[in-house]
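Student: Hey, can you walk me through this one? I'd like to go feature by feature.

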Amino acid sequence: MKKHNFNSGPSVLPQEVLQQASQAILDFNGIGLSILEIGHRSSWFVEVIEEAKSLVKELMNIGQEYEVLFLQGGATTQFMQVPMNLLDTNDTGSYCDDGVWGNKAAKEALLFGKVHIAASSRDKNYTCINKSFDVPSSSKYLHITTNNTVEGTQWHKFPNVSMPLIGDMSSDIFSREIAFDKFDLIYAGAQKNMGAAGVNLVVVKKDILGYVTRKIPTILDYRNHIEANSLLNTPPVFAIYVALLTLRWIKKEGGLKEMGKRSLQKANLLYSTIDSLPIFNCPIAKEDRSNMNAVFFIEDENLQNNFLELCKENGMIGVKGYRTVGGIRVSMYNALELSSVEAFCDLAKEFANKN
Ligand SMILES: *Cc1c(COP(=O)(O)O)cnc(C)c1O
């Protein structure tokens, strides 16, 4: 049976990326060695990382003032690495608290400096993005989560602020055309829209670094990675290669414009179907709904379990909501085909008719 992969992460990747990646495990570019066997300072791998960096810049349409890094530790490591590099003990970092990930990021910042919650939708159960925020002008930066993977909300228009803007883009990176140059630091774990788990993309404007007085461990100081071209120590070679293959695929398919078009098409179909079926309830504010992760519910718990069971029987993977949220979550990352969303919607309609 064809599987429809709605996993929230790690998640669906383009079939041709998987084929190319598996070929590279056996024989990388016909050199007679596996990608797993080559040195990270070999010209073979330096070419990989340089191409990946330049594709990131090209797709984001950003200039020389930005550095592209491939780091480890997942997005969670960035929760602490950002404030460690940008906040002195008496400095304040501002955070938008619109979901569990942004909330965790703010908590980590407390280990390094002061935290100001600029806005929160917690009292609305995170069913929207609170856009009426206040940021003290002395704040060193404003941190937002561009797509709230767990709750199913997404920023569709970015705020204008007078301080560095930092974006956790883990779950919507490269899914649409945006003004990336509004941001001073962007980070994203690769396993949602960019490739395999194990690598983190960090894009940072050089000139925001170097102002804190604390001592930063070598491996956690962005400046050391910049100087070493992401080869400070052994990087996650294979994960970076898979990211390169995905970046090539995105470009070949028509870039971020095309990714945005496709994801809007998928999301529109999904939400209009759910909204048309009274058995389903999507509590997320319409203007903030995520085009990547749709979160909705069936009120009757038994019925909901039946539906989740039915999804499983029909090869639909990963539609159970996040453990603290419950309900149903349909993730529609770049590599998910429209036909999978169509299949889900058909099943949802059939289920609604019967119940
Ligand atoms: C998944 C996710 C994270 C955590 O990523 P890890 O790589 O598991 O640390 C952080 N932020 C967002 C928005 C996410 O979707």
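Tutor: Sure, let's begin with S230, which counts as buried at 4% relative accessibility. Buried means under 20% relative accessible area, exposed is over 50% and partly exposed is in between, using a 1.4 Å probe and protein chains only.

Student: Before we go on, what kind of model is this, and how are residues numbered?

Tutor: It's a predicted model: local features need pLDDT of at least 70, side-chain atom pairs count only at pLDDT 80 or more, and totals for chains, interfaces and linings use all residues. Residues are numbered from 1 along each chain as its sequence is written, and side-chain values use heavy atoms, with hydrogens and water left out.

Student: Ok, back to S230. Where does S230 lie?

Tutor: S230 is in the loop between α5 (222–227) and α6 (237–253). Helices (H or I, at least four residues) and strands (E, at least two) are DSSP runs, numbered from the N terminus. Phi of S230 is near 65°, a positive value in a residue other than glycine.

Student: N29 has a positive phi too, right? Is N29 buried or exposed?

Tutor: N29 counts as exposed, at 62% relative accessibility. Its phi is near 50°, again positive in a residue other than glycine, and N29 sits in the loop between α1 and α2 (43–60).

Student: Which peptide bond is cis?

Tutor: The one from G9 to P10 is cis, with omega near -10°. You'll find P10 in the loop between β1 (4–5) and α1 (15–26).

Student: New topic: rings. How many aromatic pairs are there?

Tutor: The structure holds 12 aromatic pairs. Rings of Phe, Tyr and Trp (its six-membered ring) pair if their centres lie within 6.5 Å; planes under 30 degrees apart count as stacked, over 60 as edge-to-face and the rest as tilted. Among them are F79 and W101, with centres 6.3 Å apart and planes at 45°, so that pair is tilted.

Student: What does that pair tie together?

Tutor: F79 lies in helix α3 (residues 74–86) and W101 in helix α4 (residues 100–109), so the pair ties together parts that are 22 residues apart in sequence. F79 is buried, with a relative accessible area of 3%.

Student: What about F158 and F183?

Tutor: Those two form an edge-to-face pair, 5.1 Å centre to centre with 80° between the planes. F158 lies in the loop between β7 (153–154) and β8 (165–168), and F183 in the loop between β8 and β9 (185–189), so the pair ties together parts that are 25 residues apart in sequence. Both F158 and F183 are buried.

Student: Which residues do ring pairs link into a cluster?

Tutor: F6, F280, F296, F307, F344 and F351.

Student: Switching again: what does the side chain of E67 contact?

Tutor: The side chain of E67 makes a polar contact with the side chain of K206, at 3.1 Å. A polar contact is a pair of N or O atoms within 3.5 Å; within protein, one must be able to donate a hydrogen and the other to accept it, and residues adjacent in sequence count only if both atoms are side-chain atoms. E67 is in strand β2 (residues 66–71) and counts as buried, at 17% relative accessibility.

Student: Nice, that gives me plenty to look at.
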